[in-house]
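Hello,

Here is the structure we talked about handing over. My notes on it follow below the display.

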Amino acid sequence: IQVYYEKIHDARDHVVGTMLVHRDITREYEVDQMKSEFVSTVSHELRTPLSSVLGFTELMLNKELKPDRQHKYLTTIHKEAKRLTQLINDFLDIQRMESGRQSYDMADVEMLPIVQEVMESFTMNYTKHTLRVVPPAASTFVRGDADKLKQVLVNLIGNAVKYSPEGGEVTVEFRCLPKTLVVIIRDQGLGIPRDALSKLFSKFYRIDNSDRRKIGGTGLGLAICKEIVKAHDGEITVQSELGIGSMFSIHLPRQDVTVPVLAAYSEVA
Ligand code: ADP
């Protein structure tokens, strides 16, 4: 609470009294706290890949390197630079979404072809998993921003692949309820510990187990998914069992597909 005095003036600008003002600045304080926390996390997260890039470029500049070493160092630099780009894009996305500055280009969107497109692009890159789309029983139209919904699918299907051993199966299926379309992404991967489930969608949260320490990520993917789905008046839920697999469900309000009534014409010859 901020407390201060303010003078009260009359019409001729003479001071006629004072007023004690109590102002609740909790919200401003929280926003400030969030901002500084964000800045320090961001700087910390950026520093790791940047030091890698610096370290390896220095090695390359100072030594007479054999071509195979050179190739190895360049591969690392490339990987770390890509990670930096991903981090910066994710930071910008989440900032824009949380501050309400993200605009959504809403239209009637059919989810099935987007799911198929994302699954195909993963199949081309990760042939070691079996990716399967179960055909839906009804139409999969929702009201939404196609690019943003695709971003959610890329994140969730990407995680299903990333946190599964080679040879695992990832399936996407649909549940077409009267008012809701549920898109379900199932994997046979590492699973999620029970105590982590409630923190999963928080910014920068990553599960720190030895079995997933080598798997790269920003801890922002699920936070971004949550924001996007929230903006569509939907929600994401998760069920998971450690060592068995996970199931993420995207619930989206269904588009009322009103079939246009065709006027019947009878032409008299
Ligand atoms: P990250 O960039 O770390 O993948 P996310 O926000 O996408 O960040 O996910 C947060 C954490 O949740 C991950 O670090 C991972 O441990 C866990 N996780 C997400 N999806 C899955 C999944 N399908 N199977 C197992 N663990 C998962």
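A nonpolar patch on the surface is formed by Ile1, Val3, Tyr5 and Leu20, with about 480 Å² of accessible area together. Please bear in mind that this is a predicted model. Of the patch residues, Ile1 sits in the segment before β1 (2-9). Ile1 counts as exposed because its relative accessible area is 71%, and the cut-off for that class is over 50%.

Next, the ligand. A shell of 20 residues surrounds the ligand, and the closest are Asn159, Tyr163, Arg206, Thr218 and Leu222. By type, the shell holds 9 nonpolar, 7 polar and 4 charged residues. At least two shell residues come from each of α4 (146-162), α5 (221-231) and β9 (245-253). The largest share is that of α4, with 3 residues.

Three side chains place an N or O atom at these distances from the ligand:

- Arg206: 2.4 Å to an oxygen atom of the ligand
- Tyr163: 2.7 Å to an oxygen atom of the ligand
- Ser246: 3.5 Å to a nitrogen atom of the ligand

The ligand taken alone exposes 530 Å², of which the protein buries 98%.

Ser246 belongs to strand β9. With a relative accessible area of 6%, Ser246 is buried. Its side chain also makes a polar contact of 2.9 Å with the side chain of Ser240.

Now the charged pairs. Side chains of opposite charge can pair when their charged atoms come close. The whole structure contains 8 salt bridges, and three of them are described here.

Glu169 and Arg132 form a salt bridge through their side chains, at 3.8 Å from N to O. This pair links distant parts of the chain, with Glu169 in strand β6 (residues 169-176) and Arg132 in strand β4 (residues 130-133), 37 residues apart. Both ends are partly exposed: Glu169 has a relative accessible area of 28%, and Arg132 has 41%.

Strand β6 also holds Glu173, which is 13 residues from Arg186 in strand β7 (residues 180-187). The side chains of Arg186 and Glu173 meet in a salt bridge of 3.2 Å, N to O. Arg186 is partly exposed at 31% relative accessibility, as is Glu173 at 21%.

The remaining pair is Lys230 and Glu227, whose side chains form a salt bridge at 3.8 Å, N to O. Both residues lie in helix α5, 3 residues apart, or about one turn of the helix. Glu227 counts as buried because its relative accessibility is 14%, and buried means under 20%.

Regards

Terms used
Residues are numbered from 1 along each chain as its sequence is written. This is a predicted model: local features need pLDDT of at least 70, side-chain atom pairs count only at pLDDT 80 or more; totals for chains, interfaces and linings use all residues. Side-chain values use heavy atoms; hydrogens and water are left out. A residue is near a molecule or strand if one of its heavy atoms lies within 4 Å of it. A polar contact is a pair of N or O atoms within 3.5 Å; within protein, one must be able to donate a hydrogen and the other to accept it, and residues adjacent in sequence count only if both atoms are side-chain atoms. Accessible areas come from the Shrake-Rupley method with a 1.4 Å probe; for residues, only the protein chains shown count as cover. Helices (H or I, at least four residues) and strands (E, at least two) are DSSP runs, numbered from the N terminus. Ala, Val, Leu, Ile, Met, Phe, Trp, Tyr, Cys and Pro count as nonpolar, Asp, Glu, Lys and Arg as charged, and the others, Gly among them, as polar. Patches are made of residues with over 30% relative accessible area and no salt bridge: like charges are joined within 9 Å, nonpolar side chains (Val, Leu, Ile, Met, Phe, Trp, Tyr) within 5 Å. A salt bridge is a side-chain nitrogen of Lys or Arg within 4 Å of a carboxyl oxygen of Asp or Glu. Buried means under 20% relative accessible area, exposed over 50%, partly exposed in between (1.4 Å probe, protein chains only).
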